[in-house]
Amino acid sequence: MISHLRSAWAALLLAMLLQAASALLMLAPLAGMGVLARDILSGAPDAEAVWRTILLASAGLGGGLALRGLAELVTHFADNALALRLRLAAADHMGRAPLTALARMGSGRIKQAVLDDVLALHHLIAHALIDLTNAAVTVLAIYGFLFVQDAALALVLVLPLPLFLLLYRRVLAASSAGRMAAYGTALGQVNQAVVEFVAGMSTVKMFGGAMRSHRAYREAIAGFEAFFTAWVRPLLRPESVASLIIAPVTLLTLTACAGTLLVSMGAMDALTLVSFALFAPALAAPVGRLVTGAQSLQTARGAMARLDALFALPQETPPEAPELPVGGAVRLENVHFSHNGRDPVLDGIDLALAPGTLTAVVGPSGAGKSTLARLLLRFHGPYEGRITIGGADLRHIPADALYRHMGFVFQDTHLLRASVRENITLGRPDATPAEIEAAARAATIHARIMALPRGYDAICGEEARFSGGEAQRIAIARALLHAPDAFVLDEPTAHADGAAQAEIRRAFAALLRRSAGRTILLIAHDLDLAAGADQIVFLDRGRIIERGTHASLLAQGGAYARLWQMQHGAPETAS
Amino acid sequence: MILARLSRLMAAQDARRIPAFLTAAAVAGVLQGLALALVVPVLDALLTGAHTRAILWCAAMLAATLASWAASHAAALAGFELALAVLRNVRRQIGDHLAALPLGWFTPLHTARLSVTISQGVMQLLALPAHQLLPLVRAAVVPPVLVLAIALFDIRLALAAAATFPLLALVYWWGGRLGQAADRAVHHAAEEAGQRVMEYAQAQSVLRAFGVTQRGHAALKDALTDLAHASRRQIWMVLPPLVANSWLVQLGFLGLMALTALMVLGGSAGDAPVLIALLVLVNRVLEPLGDVAAASAGIRMASGELAHVEGILAEPPLPAPSRPAALPARHDIRFEAVRFAYAPGTPVLDDLDVTLAENTTTALVGASGAGKSTVLHLLARFCDVSAGAVRIGGTDVRDLDPAALAGLIAPVFQTTHLFSGTIRDNVLMARPEADAAALAHVARLARLDEMLARLPGGWACEVGEGGHGLSGGERQRVCIARALLKDAPILLLDEPTSALDAENRQALTRLLATLRGRRTIVVVAHQFEWMSAADRVLVLEGGRLVEDGAPAALLARGGRYAALHRAAHGG
């Protein structure tokens, strides 16, 4: 994070120098007016001198504006490049972080960091730094000039500053990192309430009366309103008074009143007061920008902290002594795994998958079946014991080699918002149209795709809305095309919203047929699919309690046989 | 204009605050202009040595300044109250409107935008009344007041100052237009990037398993690069008008300076002291306009959010009958030549014409995408038919009061949602006055009792956000209990047991059998136990009714239903 910022420093430094020069040049017209006033009062102004003054003022102004434009361009482009670099780096970093850590962070927070927080840095880099430079240089230059003109009146004009800062301190304190975080949380709650409200809309319509309908939503927005009002209302008066204290009209009136006294006492001449009247009101804007700049700095600090949290996610480091898998053999030796270090999810699993065989894992929900599957893809970790894939220790297989070697069909299919084609070729972008179609046909989804107006080019989620079962079949086509040496198939339960089970089952059967010769670990909820496996293991509370073939397990009359009977209503007769 | 738009987002009594705010802001502007203008007589008096007169003018200037403070402060407070009024009202108004929209409106993209608009968007919108209106009013009032004051002393200088206004307005308008176009492009790119980042985060497991994170997710990279490009275009669009604006303000200032010089050199200037004093005033004329230009980006963004909110509120709701029909006495269901499509050209239901007798159980069968769920959604009026009519007891559902219609129907939908809260809260939602005995009864029927005994806290167990603290099967049982507690004459079930294990599924199939003949039941099911428990099976295909009859008859006929049956039972 800091290293990324460092890359922008040179540009920022240049911009700040440009801006400082610009701030000084921009005072030229005011100075010119002062000179002009003196010339006019002298009675007989010299035309050449007057025009030279105006010319110089114009030149100063032109140069100042040009430099400012340049400074803004430099910072904006530096910010633009930095934002892209940061975002790409963040995406890359996420891609190497353990999934569990990512899940803990949540997609909402990740989005906030990658987009919103990088945007908050924009205010710092593109605006706040040069604004602060501009304001500081302008304020210092004007006060310096005024002190040279008349120290007494200049001192009077300094008076509003401490008062202003005193009042504004409360405003600044209120935008401290802690308060901003509370605000972010409150806003997040509104966000969440909207999401829940919309998700529950149909339920609200059917069950909620008009009164109760969106009570939770209303409570959330009322809660936010209360938080916001309590937070901001006390700041309102100090902020308003503070802004009035340094308003141009205040500074001008102060100058006029104090100046009149000084002039009438003979302590100052009237013409000097004209200079003050020209310059003093010009202090208002930069002083105001000094504090808003400070506020931006604070906001940016909060954003940086959140970005740092993203970059602090641990990284999966490439193995020091990489081993490459060869062949489809998979072995688990005394594998233990627990999410929290106390309650075992897998409790001493010994399992060998011979190359080219189908092993089905069955058992009640919560037995650890899906965890077992995900462990093989290193989605969970760390585990105890030893897992080898193609003879290589899972811990020492480089990520790209692992994912080339192992395929996976998940219960939760994620179709990306991309064309159907891109979704199917996710693992093999170079597949030919014929290969894609063959995979889709085997997954019994080709006809459905062709019924779409744009066929394989239809964008999922936009032109093509697939039901859960259809999405599952696309995921199967994706896996078929990927065709690695070993497969883990987590068979979808029907709760994948409204899956047409018969169709999915057919597609799964096709996948199994097509994958003959590959090693397959099938997490089966539907025992009909498992029945054809070379090996069936029954998992219960993280342990394998039965293993064998369909026939041997039925004959054994244990847990598997009981589950089979429950699903089929009657004792098995013939297959 | 912006004020009229804002006032529509407030309750009537709050909208009445707007004139008071405007008055305070305008008075503040006039007083400020007056105070600034008074510097001319002060300086004039001092330059001509009339010190007593200068002190008197100073007193007047001080009085005007203090009065302008009071008015400004009042205006700032009023502006904040306006902002609070908007905050109070706008989210509620959006919420009420959302509840009246057809469910088809809630696509993922709409929903994603919605939550951003309601949370951050509304806050940006608040800046308009809270911070931006006051400078706008000041910019509209102070310069004319100052020009009038200058005119009192020198009409030429006043005219010259006034001449810069239209030019500045033009540049401001030009900048606004360029900025809006660029903003839209950036906004669009940011939305796209936001969706991609979410997708990237949520689909990590799939992306990794297929090696995409190793290669780099091209869609995300493209979206982020597009965003950077759009932002860069925005720089080119926004910076030049901004710079041009400062140029013009300063150029106007220089022009006035040159004019003064011309007047002095030409000897046509009146009083030299007055002229010098006027220089100070000339210096202040354009300043409020410059302030507005500097704040233009914020104003533009707030107006953009205002447009977003207005867009949501302008979405047409499902029409409610002006004079609702009486509640139907019977509860038979008639689909009368019903057509339905989310988008023209892709019909979801195509000429469905069927009557379901009162207190019968009908099973809807068909492949995914055949339109089964849509049939239930039209009945519950989540959307309206494109053509034809849906009638309950002869009454068009569109003629019924929405609450009355909801009262007739107890649904268990796939999208049925549990709200954060306890199991009891969620079940009681159907009938808040239900007593413990009624709760216990539905718990037994929905097989909730086993779950209640197991889960910590039983009825008081928190279900978590969206019910995700429970397993899919547990969620379904809560939904079933809730629907049973509602005790409505029509029961709609959309794959109500898909996530249940075999044992619970069997129990609930028995439950359906006990309800048979006592309710009008429509059930979408893949499980054949459910189909065979129905009086009648409708087979849908591509939105059309292709088979209709008693399950046994259809099985005997050997058509699609029989084929599905074979496929499911070891094909």
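**Cysteines, cores, interface and salt bridges in a two-chain model**

In this predicted model, the number of disulfides over all chains is 0. Cys257(A) takes part in no disulfide, and the nearest cysteine sulfur, belonging to Cys58(B), is 4.2 Å away. Because a disulfide requires cysteine sulfur atoms within 2.5 Å, this pair is not counted. Cys257(A) is buried, at 18% relative accessibility. For Cys461(B), the closest cysteine sulfur is that of Cys479(B), 14 Å away and therefore too far for a bond. Cys461(B) is also buried, with a relative accessible area of 8%.

The largest nonpolar core contains 149 residues. Phe228(A), Leu98(B), Ile423(B), Val427(B) and Leu448(B) have the most contacts inside this core. Helix 5 of chain B, residues 51–100, gives the most to the core, contributing 13 residues. Both domain 1 (2–314) and domain 2 (333–568) of chain B give residues to this core, so the core lies between them. The C-alpha centres of these two domains of chain B are 54 Å apart. Beyond residues up to four places away in sequence, Leu448(B) touches Ile423(B), Val427(B), Ala443(B), Trp459(B), Arg477(B), Val478(B) and Ala481(B). A second, separate core has 95 residues, including Leu153(A), Ala154(A), Ala242(A) and Leu262(A).

Met268(A) is in contact with two residues of that second core, Leu153(A) and Leu262(A). Its other contacts, with neighbours within four places in sequence left aside, are Asp150(A), Gly259(A), Val263(A) and Leu273(A). Met268(A) occupies the loop between helix 11 (248–265) and helix 12 (270–279) of chain A, and is buried, with a relative accessible area of 8%. Thr371(A) is 103 residues from Met268(A) along the chain, and the C-alpha atoms of the two are separated by 86 Å.

The contact between the chains involves 137 residues from chain A and 140 residues from chain B. Together the two chains bury about 12,100 Å², of which 72% is on carbon and sulfur atoms. Met206(A), Phe207(A) and Arg417(A) account for 7% of the area that chain A buries against chain B, more than any other three residues. Across this interface there are 3 salt bridges. Arg417(A) pairs with Glu192(B) in a salt bridge, with the closest N and O atoms 3.0 Å apart. Glu192(B) also meets Arg196(B) in a salt bridge, at 3.5 Å from N to O. Arg196(B) and Glu192(B) are 4 residues apart in helix 7 (residues 155–202) of chain B, a separation of about one helical turn. Arg196(B) is buried, at 8% relative accessibility, whereas Glu192(B) is partly exposed, at 28%.

His482(A) has contacts in both chains. In chain A, leaving aside neighbours within four places in sequence, His482(A) is in contact with Tyr403(A), Met406(A), Gly407(A), Gly427(A) and Arg428(A). In chain B, its contacts are Ala209(B) and Phe210(B). His482(A) lies in helix 19 (residues 468–482) of chain A and is buried, with a relative accessible area of 9%.

Over all chains the structure holds 32 salt bridges. One of them joins Glu333(A) and Arg386(A), whose closest N and O atoms are 3.9 Å apart. Glu333(A) is in strand 1 (residues 330–338) and Arg386(A) in strand 4 (residues 384–389) of chain A, so the pair ties together parts 53 residues apart in sequence. Glu333(A) is partly exposed at 31% relative accessibility, as is Arg386(A) at 37%. Both residues belong to a network of salt bridges that also links Arg331(A) and Asp393(A).

In chain B, Asp353(B) forms a salt bridge with Arg334(B), the closest N and O atoms being 3.1 Å apart. Asp353(B) is in strand 2 and Arg334(B) in strand 1 (residues 333–341), so this pair ties together parts 19 residues apart in sequence. Asp353(B) is partly exposed, with a relative accessible area of 40%, and Arg334(B) is partly exposed at 24%.

Strand 2 of chain B, residues 347–356, also contains Asp351(B). Most residues other than glycine have a negative phi. Asp351(B), although not a glycine, has a positive phi of about 60 degrees, and is partly exposed, with a relative accessible area of 39%. Asp487(B) likewise has a positive phi, near 55 degrees. Asp487(B) lies in the loop between helix 19 (472–486) and strand 7 (490–494) of chain B, and is partly exposed, with a relative accessible area of 49%.

How values were computed:
Residues are numbered from 1 along each chain as its sequence is written. Chains are lettered from A and ligands numbered from 1 in the order in which they are written. This is a predicted model: local features need pLDDT of at least 70, side-chain atom pairs count only at pLDDT 80 or more; totals for chains, interfaces and linings use all residues. Side-chain values use heavy atoms; hydrogens and water are left out. Buried means under 20% relative accessible area, exposed over 50%, partly exposed in between (1.4 Å probe, protein chains only). A nonpolar core is a set of buried Ala, Val, Leu, Ile, Met, Phe, Trp, Tyr and Cys residues joined through side-chain atoms within 4.5 Å. Helices (H or I, at least four residues) and strands (E, at least two) are DSSP runs, numbered from the N terminus. Domain bounds come from an automatic or database domain assignment. Contact means heavy atoms within 4.5 Å. Buried area is the accessible area (1.4 Å probe) that two parts lose on being put together, summed over both. A salt bridge is a side-chain nitrogen of Lys or Arg within 4 Å of a carboxyl oxygen of Asp or Glu.
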